[in-house]
Each structure stands twice: as structure tokens, then as C-alpha cells.
Amino acid sequence: ILTLFCLIGCSSGDSNQEATQGETAPSAGTSRLDERAEIEKWNSYVDLGNSIDTSFYQAMNAYFDAFGNGPHYKADASSEAVDRFVASLPAPQELSKAIDQAAVMSAKEPKSDLDLAGEEITPHLKTLWSSLNASRDHHAARQHLVEGDTAAADLHSRIFDSYQGLAATYDRFRDILNQADAARRKTDLQAMIDKGLIIRPAMLK
């Protein structure tokens with residue numbers, strides 16, 4: 001938030017300067033384009049991290065509670081546990097959008113460590129989120145109660161395998177995101193101080 005606040009303020013100042021001086025040097029225009037692209041990329045990773053920590057893990061925990069967190073599908077889940085899982089996935093579109101946006105951004109050059117970490121987790125997330133929603137639909141329709149049903153177990157196998165891949169890569173993504181966030185906050189606060197703005201204690205949290 002601080003990054004956006006500072007940059008929006010700076011952009012406003014640039015606009016006023018352009019009105020006075022006329023044409024802007026090509027290097028300055030290129031810099032602003034690069035800056036906007038970098039902000040867009042950063043915001044996509046923040047959105048992804050926030051969505052994973054809320055929507056995704058809420059659904060993932062409800063799924064494992066119902067059907068087990070091992071490689072074998074737990075077919076005797078209680079109806080209450082199944083209902084909790086189904087209710088945990090009311091609107092999958094938000095996380096799907098965040099995953100797709102982060103995948104697009106991580107493919108753009110130049111690539112940072114955060115981009116590489118994003119490239120590592122998005123394939124696992126796509127498979128997991130798609131499989132979780134398919135499992136939600138399957139269990140909401142009570143198809144898992146049909147004699148001879150194997151779809152629920154097949155989905156569980158896909159979910160379990162994809163989760164192993166995510167577990168091996170998400171900590172790296174989160175660590176890099178947190179470190180980058182701390183560095184950005186420090187830079188933004190210093191820029192605000194240099195402009196003579198007063199930093200209130202609440203802004204440091």
C-alpha cells in the first residue's frame with residue numbers, strides 16, 4: 001500500500017511538470033512505463049499470496065479434514081465434514097484469477113527471484129485449485145456415495161500429488177515475497193521522510 005501511495009504521489013508531480021515543460025525525455029517515459037509494469041507485477045504476487053493464505057488454505061484444510069491428508073482417499077468421511085468442505089469453496093473465481101495473473105506476470109522479462117518462485121508454484125496451484133473444485137462438485141452432488149465410484153479417489157490422488165509439489169515450493173515464494181515487502185516498505189518510508197512527510201507509528205506496522 002505504501003508503495004502505491006508514494007508512486008501515485010510522484011506520478012502526480014510528474015504530470016504537473018510535463019504540463020509546464022512540454023515533451024518528456026524518452027528515458028523518463030520509459031522509466032515510468034517500467035515502473036508501472038513492475039508495480040503491476042508486484043501487485044499480482046501480493047494478490048496471489050493473500051488469496052492462498054485465505055481462500056486456498058481454508059479449502060485445503062477442509063478437504064484434508066474430510067478425506068485425509070495421506071495418499072489414500074478416506075471414503076468414510078462424515079456428511080458434516082463433506083458439507084464443511086463443500087461450503088469452503090463458494091467462489092473459486094477470485095483465486096483462479098489471481099493464479100492466472102501471477103502466471104502471466106512471472107513469464108515476463110526481466111525475471112527476479114520472486115518471478116522464478118512464482119513460476120514454480122503456479123502449475124501446482126492451478127492443478128490443485130481445479131481438482132479441489134471438481135471434488136467439491138462431485139461431493140456436493142453426493143456422487144461419492146454411488147456404488148463403484150472411483151472419481152473421488154482419482155481426484156484425491158491428483159490433489160495429494162499436487163499438494164506435495166506446492167508444499168515444496170510455497171515456503172520459498174512466501175519468504176521472498178515477505179523479504180521484498182519489507183524492503184519496499186523501508187524504501188517507501190524513507191522516500192516519504194525525504195519529502196518532509198510525518199511518519200505516524202501506525203504506518204510502521
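Which way does H4 cross H5, left-handed or right-handed? Some notes on that and on the neighbouring helices follow.

1. H4 goes past H5 in a left-handed crossing. Keep in mind that this is a predicted model. H4 covers residues 93-106 and H5 covers residues 113-140; the two pack at about 145°, and their axes are 9 Å apart.

2. Who touches whom here? From H4, the residues in the contact are Leu95, Ser96, Ile99, Asp100, Ala102, Ala103, Met105 and Ser106. Facing them from H5 are Asp115, Gly118, Glu119, Thr122, Leu125, Lys126 and Trp129. Sorted by class, the residues of this H4 and H5 contact come out as seven nonpolar, four polar and four charged.

3. Now for H5 on its own. With 28 residues at 1.5 Å a residue, H5 should span 40 Å, and its end C-alpha atoms are indeed 40 Å apart, so the two values agree. H5 does have a kink, though: about 30° at Ile121, shortly before the proline Pro123. If you follow the chain just past H5, you meet Arg142, which has a positive phi of about 60°.

4. H5 has another partner in H6, residues 151-194. The axes of H5 and H6 come within 8 Å and cross at roughly 150°. That angle is over 145°, the cut-off for this label, so H5 and H6 are roughly antiparallel to each other. The crossing of H5 and H6 is left-handed. In the contact of H5 with H6 there are 18 nonpolar, 10 polar and four charged residues.

5. H6 gets the length check as well. Its 44 residues should span 64 Å at 1.5 Å a residue, and the end C-alpha atoms of H6 lie 61 Å apart, which agrees. Look at Thr169 when you trace H6, where the helix bends by about 35°. After H6 comes Gly196, with a positive phi near 90°.

6. One last residue to click on is Val86, which sits in helix H3 (residues 79-87). Leaving aside residues up to four places away in sequence, Val86 touches Arg136, His139 and Ala140. H5 runs over residues 113-140, so you can look for these partners of Val86 on that helix. Val86 can also be compared with Ala59: they are 27 residues apart along the chain, and their C-alpha atoms are separated by 8.4 Å.

Technical notes. Residues are numbered from 1 along each chain as its sequence is written. This is a predicted model: local features need pLDDT of at least 70, side-chain atom pairs count only at pLDDT 80 or more; totals for chains, interfaces and linings use all residues. Side-chain values use heavy atoms; hydrogens and water are left out. Axes are lines fitted to C-alpha atoms, for helices over the stretch in contact, and angles run from 0 to 180 degrees between N-to-C directions. Helices (H or I, at least four residues) and strands (E, at least two) are DSSP runs, numbered from the N terminus. A crossing is left-handed if the near helix is turned anticlockwise from the far one by less than a right angle, and right-handed if clockwise. Contact means heavy atoms within 4.5 Å. Ala, Val, Leu, Ile, Met, Phe, Trp, Tyr, Cys and Pro count as nonpolar, Asp, Glu, Lys and Arg as charged, and the others, Gly among them, as polar. The expected span of a helix is 1.5 Å times one less than its number of residues. The bend at a residue is the angle between axes fitted to the seven residues ending there and the seven starting there. Angles under 35 degrees count as roughly parallel, over 145 as roughly antiparallel, 65 to 115 as roughly perpendicular and the rest as oblique.
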